[in-house]
Amino acid sequence: MNYSEKVMDHFTNPRNVGEIENASGCGTVGNAVCGDIMRVYLDIDDDGVIQDAKFKTFGCGAAIATSSMATMLVKGKTIQQALEITNKAVMEALDGLPPVKVHCSLLAEEAIHAALWDYAEKNGIHIEGLEKPVSDIGEHDHGHDLGEDEEDE
């Protein structure tokens, strides 16, 4: 499989690995088909700015790379800005993914959303545009473009 240098760098030297004790929000998602599981932890301050983000991922190199990049992309962002980070933004930041690995970027997007959902529930707030996450991204595709090979995986 042909991975970009950025994907290989984030796989071999992942950023923000670990967990945040007493995280403001924590979200776990997976893909039953491929077996990848991704957990994202967020530390959100009183102004709604993400001060820290960490992840733990069980999965392939692309899953680890997308987790790493997603945590980098959300740090310093407001809740609303973090909500706008799509799987395509994660893929672009990594200089692309092979079509069969697009689902890894979907996991990263959903894990951020799941952590934001957890934060909203803990704080009794509504985050405009945030939908209740699913635990298995295979349950729906959010209308994202999947690679041709993706549907058969």
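Let's start with a salt bridge: aspartate 95 pairs with lysine 6, and their closest N and O atoms sit 3.9 Å apart. (A salt bridge here is a side-chain nitrogen of Lys or Arg within 4 Å of a carboxyl oxygen of Asp or Glu.) This pair ties together distant parts of the chain, 89 residues apart: lysine 6 is in helix H1 (residues 5–12), while aspartate 95 is in the loop between helix H4 (87–93) and helix H5 (102–123). Keep in mind that this is a predicted model, where local features need pLDDT of at least 70 and side-chain atom pairs count only at pLDDT 80 or more, while totals for chains, interfaces and linings use all residues. Residues are numbered from 1 along each chain as its sequence is written, and side-chain values use heavy atoms, with hydrogens and water left out.

**The overall layout**

- The chain has 5 helices and 3 strands. (Both are DSSP runs, numbered from the N terminus: helices are H or I with at least four residues, strands are E with at least two.)
- Going along the sequence, you meet them in the pattern α-β-β-β-α-α-α-α.
- The C-alpha atoms fit in a box of roughly 45 × 30 × 20 Å, taken along the principal axes.
- The radius of gyration of the chain is 14 Å, which agrees with the value near 15 Å for a compact globule of 153 residues. (That radius is taken over C-alpha atoms, and the globule rule is 2.2 Å times the number of residues to the power 0.38.)
- Of the contacts between residues at least 6 apart in sequence, 64% join residues at least 24 apart. (Contact means heavy atoms within 4.5 Å.)

**Buried or exposed?**

- Of the 153 residues, 47% count as buried. (Buried means under 20% relative accessible area, exposed means over 50%, and partly exposed is in between, using a 1.4 Å probe and protein chains only.)
- Back to our opening pair: aspartate 95 is exposed, with a relative accessible area of 52%, and lysine 6 is partly exposed at 37%.
- Glutamate 110 sits in helix H5, and with a relative accessible area of 4% it is buried.
- Glutamate 110 and glycine 27 are 83 residues apart in sequence, yet their C-alpha atoms are 8.3 Å apart in space.

**More salt bridges**

- The whole structure has 6 salt bridges.
- Aspartate 118 and lysine 122 make one of them, with the closest N and O atoms 3.2 Å apart. Both are in helix H5, and because they are 4 residues apart, about one helical turn separates them.
- Aspartate 52 and lysine 54 make another, at 4.0 Å from N to O.
- Lysine 54 is partly exposed, at 22% relative accessibility.
- Asp52 and Lys54 also belong to a network of salt bridges that includes Lys75.

**The hairpin**

- Strand S2 (residues 37–44) and strand S3 (residues 50–58) pair in the antiparallel sense over 8 bridges. (Two strands pair if DSSP finds at least two bridges between them.)
- S2 and S3 form a hairpin with 5 residues between them, and glycine 48 in the turn has a positive phi of about 80 degrees.
- Aspartate 52, which you met in the salt-bridge network, is the bridge partner in S3 of aspartate 43.
- Valine 17 lies in the loop between H1 and strand S1 (25–30). Not counting residues up to four places away in sequence, valine 17 touches Lys54 and Phe55.

**The nonpolar core**

- The largest nonpolar core has 40 residues, and Met38, Leu42, Ile44, Val74, Leu116 and Ile127 touch the most other members. (A nonpolar core is a set of buried Ala, Val, Leu, Ile, Met, Phe, Trp, Tyr and Cys residues joined through side-chain atoms within 4.5 Å.)
- S2, S3, helix H2 (61–74), helix H3 (79–83), H4 and H5 each give this core at least two residues, and H5 brings the largest share, 12 residues.
- Leaving aside neighbours within four places in sequence, isoleucine 127 is in contact with Ile79, Gln80, Leu83, Leu116, Tyr119 and Ala120.

**The cysteines**

- A disulfide is a covalent bond between the sulfur atoms of two cysteines.
- The count here is 0 disulfides. (The cut-off is a pair of cysteine sulfur atoms within 2.5 Å.)
- Cysteine 34 is in no disulfide, and its nearest cysteine sulfur, on cysteine 104, is 6.0 Å away. Cysteine 34 is partly exposed, at 29% relative accessibility.
- Cysteine 60 is in no disulfide either, and the nearest cysteine sulfur, that of cysteine 104, is 3.7 Å away.
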